[in-house]
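Trainee: I'm new to this one and I'd like to know where the labels come from. Can we go through it together?
Mentor: Sure, pull it up and ask away.

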Amino acid sequence: MHMSRARFRWAAVLAGMAMTAPAVPARADGPVGVYLLTVMPQSGPVATRTLWCDPDGGTHAAASQACDQLEAVDGEVGRVPARPTACTLEHAPVTVIANGVWHGSGRHFARTYANRCLAVRATGGILFSE
């Protein structure tokens, strides 16, 4: 059976979420937020990071700053203010995905941008940065 590239990517994202769930530190009440952040370029390797907030951690290099951004918007990635920076006009489509939980409520964000710079800028400059 042939699986489309998009379905394969979604399957990989869901499998990654299942694999990262045990990596969250144990707390009596658990972290406030837990996310799997994925960057999928149209061509090239997919990058995935984990992020949890309060306590801040995961594989995200700037977990504290990312959690600060999410705290300001109740965990809704789509509400994070864009960062005013310049980007090139190159056409290298990239899809960014944030799947997670914030204060017990599911959160999902997925958008495709013309290039990685535009994706990073539109989502506040930290969540999907390299």
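Mentor: Let's start with a definition: two strands pair if DSSP finds at least two bridges between them. Keep in mind too that this is a predicted model.

Trainee: Okay, so what makes the strands here a sheet, and in which order do they sit?
Mentor: There are 4 strands in an open sheet, ordered β2-β1-β3-β4, and the pairing is antiparallel. Check the bridges: β1 and β2 are joined by 7, β1 and β3 by 9, and β3 and β4 by 9. The cut-off is at least two bridges, so strands joined like that count as paired.

Trainee: What makes β2 and β4 edge strands?
Mentor: Each of them pairs on one side only.

Trainee: Which residues could I click on to see the pairing?
Mentor: For β1 with β2, try Thr-38, which stands opposite Thr-48, or Tyr-35, whose bridge partner in β2 is Leu-51. For β1 with β3, Leu-36 faces Asn-99. For β3 with β4, Gly-100 is opposite Arg-107.

Trainee: What links β1 to β2?
Mentor: The two form a hairpin with 5 residues between them. Gly-44 sits in that turn, with a positive phi of about 115°.

Trainee: And what else does the chain have besides strands?
Mentor: It has 3 helices along with the 4 strands. Starting at the N terminus, the elements go α-β-β-α-β-β-α.

Trainee: How are β1 and β2 covered?
Mentor: In β1, 8 of 9 residues are buried, so we call the strand mostly covered. β2 is also described as mostly covered, with 5 of its 7 residues buried. For the chain as a whole, buried residues make up 42% of the 130.

Trainee: Why is Tyr-113 called buried?
Mentor: Its relative accessible area is 15%. Buried means under 20%, so Tyr-113 gets that label. Tyr-113 belongs to strand β4, residues 105-113. Leaving out residues up to four places away in sequence, Tyr-113 touches Pro-93, Val-94, Val-96, Leu-118, Ala-119, Ala-122 and Thr-123.

Trainee: Then why is Asp-74 partly exposed?
Mentor: Asp-74 has a relative accessibility of 39%. Partly exposed covers what lies between 20% and 50%, so that is the class for Asp-74. You'll find Asp-74 in the loop between α2 and β3. Its phi is near 55°, a positive value in a residue other than glycine.

Trainee: And why does His-103 count as exposed?
Mentor: The value for His-103 is 52%. Exposed means over 50%, so His-103 makes the cut. His-103 lies in the loop between β3 and β4, and has a positive phi of about 50° although it is not a glycine.

Trainee: What makes a group of residues a nonpolar core?
Mentor: Members must be buried nonpolar residues of certain types, joined through side-chain atoms within 4.5 Å. The largest such core here has 23 residues. Tyr-35, Leu-51, Leu-70, Val-77, Leu-127 and Phe-128 have the most contacts inside it. The elements that give two or more residues to this core are β1, β2, α2, β3, β4 and α3.

Trainee: Which residues does Val-77 contact?
Mentor: Neighbours within four places aside, Val-77 is in contact with Tyr-35, Leu-70, Ala-98, Phe-109, Thr-123, Leu-127 and Phe-128.

Trainee: How do you know that Arg-49 makes a polar contact with Ser-129?
Mentor: The side chain of Arg-49 reaches the backbone oxygen of Ser-129 at 2.6 Å. The limit is 3.5 Å for a pair of N or O atoms, with a donor and an acceptor, so this pair qualifies. Arg-49 itself is in strand β2. Its contacts beyond four places in sequence include Tyr-35, Thr-59, Arg-116 and Glu-130.

Trainee: One last thing: where is the cis peptide bond?
Mentor: It joins Asp-54 and Pro-55, with omega at about 10°. Pro-55 is in the loop between β2 and α2.

How values were computed. Residues numbered from 1 in each chain as written. Predicted model: local features only at pLDDT ≥ 70, side-chain atom pairs only at ≥ 80, totals over all residues. Heavy atoms only, no water. Buried < 20%, exposed > 50% of the residue type's maximum accessible area, 1.4 Å probe, protein only. Contact = heavy atoms within 4.5 Å.
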